[in-house]
Amino acid sequence: MAPHRHELSDAEWTLLQPLLPAIQTPGRRYQDHRRLLNGMLFRINTGIPWRDLPDRYGPWQTVYSRYRRWSRNGLWDRILHALQRELDASGRIEWSLWCLDGSNVRAHKAAAGAGKKTARPRTAGSCARP
């Protein structure tokens with residue numbers, strides 16, 4: 001059960017847990033993957049700075065450190081591909097349907113009607129010649 005909006009449910013955790021690496025911190029205090037993963041999801045969904053992560057997810061440095069380690073070693077891509085394989089095997093992915101979200105795609109200033117920097121500025125009273 002996910003007590004907070006951005007946290008994993010028990011069913012989601014059951015799917016993800018086998019895909020995560022074993023805890024490899026001999027001699028250190030154990031930091032639960034689920035708790036830290038919930039912190040990562042909270043940060044990604046809200047857009048807050050890492051330092052403002054709520055205390056319930058543990059030290060922000062630990063959450064950030066594990067996020068960076070998993071990013072560098074390609075874990076996120078492996079999780080995505082494993083979940084896609086599982087969904088495809090059960091017939092729950094329709095590969096012919098695609099949706100691109102352009103809300104975060106940056107357009108060049110000229111795309112909104114602004115002039116290009118290379119264009120020569122016109123002076124008052126000048127005419128464009130053919």
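The exercises below, each with a worked solution, concern a predicted model of a single chain.

**Exercise 1. The overall fold**

Determine how many helices and strands the chain has, and in what order the elements run.

Solution. The secondary structure comes to four helices and zero strands, and, read from the N terminus, the elements follow the order α-α-α-α. Turning to burial, 19% of the 130 residues of the chain count as buried. As for contacts, among those with a separation of 6 or more, 47% are accounted for by residues 24 or more positions apart.

**Exercise 2. Helix H3**

Work out whether the span of H3 agrees or disagrees with its 13 residues, and find where its buried residues lie around the axis.

Solution. The expected span is 1.5 Å times one less than the number of residues, which for the 13 residues of H3 gives 18 Å, and the C-alpha atoms at the ends of H3 are indeed 18 Å apart, so the two values agree. The next step is to list the buried residues of H3, which are Val-63, Arg-66 and Trp-70. Viewed down the axis of H3, these buried residues fall within an arc of 70 degrees and therefore line one face of the helix. What covers them includes H2 and H4. After H3 comes Gly-74, which has a positive phi near 80 degrees.

**Exercise 3. Helix H4 and its residue Ile-79**

Repeat the span test for helix H4 (residues 75-89), identify the buried residues of H4, and state which residues Ile-79 is in contact with beyond its neighbours in sequence.

Solution. With 15 residues at 1.5 Å a residue, H4 should span 21 Å, and its end C-alpha atoms lie 21 Å apart, which agrees with the expectation. The buried residues of H4 are Leu-75, Ile-79 and Ala-82. Around the axis they cover an arc of only 70 degrees, which puts them on the same side of H4. The partners against which these buried residues pack are helix H1 (10-16) and helix H3 (60-72).

Ile-79, a residue of helix H4, has a relative accessible area of 8% and is buried because this value falls under 20%. Once neighbours within four places in sequence are left aside, Ile-79 is in contact with Leu-16, Leu-19 and Leu-20. For one of these, Leu-16, the separation from Ile-79 is 63 residues in sequence but 7.6 Å in space, C-alpha to C-alpha. Just after H4, Gly-91 takes a positive phi of about 75 degrees.

**Exercise 4. The aromatic cluster**

Name the residues that form the aromatic cluster, and classify the pair of Trp-76 with Tyr-67 and that of Trp-76 with Trp-70.

Solution. The count comes to five aromatic pairs. The rings of Tyr-67 and Trp-76 have centres 5.9 Å apart and planes at 45 degrees, so this pair is tilted. Trp-70 and Trp-76, by contrast, form an edge-to-face pair, with 5.7 Å from centre to centre and 70 degrees between the planes. One cluster is formed by Trp-50, Tyr-64, Tyr-67, Trp-70 and Trp-76.

The accessibility of these residues can then be read off: Trp-70 is buried at 1%, whereas Tyr-67, at 24%, is partly exposed, and Trp-76, at 29%, is also partly exposed.

**Exercise 5. Arginine side chains**

For Arg-34 and Arg-43, find which backbone oxygen lies 3.0 Å from a polar atom of the side chain, and decide whether each arginine is buried or partly exposed; then find which ring the charged end of Arg-56 sits over.

Solution. Arg-34 belongs to helix H2 (residues 33-46) and, with a relative accessibility of 17%, counts as buried. A polar atom of the Arg-34 side chain lies 3.0 Å from the backbone oxygen of Leu-8.

Arg-43 is likewise found in helix H2, but at 24% relative accessibility Arg-43 counts as partly exposed. In the case of Arg-43, the backbone oxygen that lies 3.0 Å from a polar atom of the side chain is that of Ile-48. Leaving aside neighbours within four places in sequence, the contacts of Arg-43 are with Ile-48, Pro-49, Trp-50 and Leu-53. Between Arg-43 and Val-63, which are 20 residues apart in sequence, the C-alpha to C-alpha distance is 9.7 Å.

Finally, the charged end of Arg-56 sits over the ring of Phe-42, at 5.5 Å from the ring centre.

Note on methods. Residues numbered from 1 in each chain as written. Heavy atoms only, no water. Helix = DSSP H or I, 4+ residues; strand = E, 2+ residues; numbered from the N terminus. Buried < 20%, exposed > 50% of the residue type's maximum accessible area, 1.4 Å probe, protein only. Arc of directions from axis to C-beta. Contact = heavy atoms within 4.5 Å. Phe/Tyr/Trp six-rings, centres within 6.5 Å; stacked < 30°, edge-to-face > 60°. Lys NZ or Arg CZ within 6 Å of the ring centre and 35° of its normal. Polar contact = N/O pair within 3.5 Å; in protein donor to acceptor, adjacent residues only side chain to side chain.
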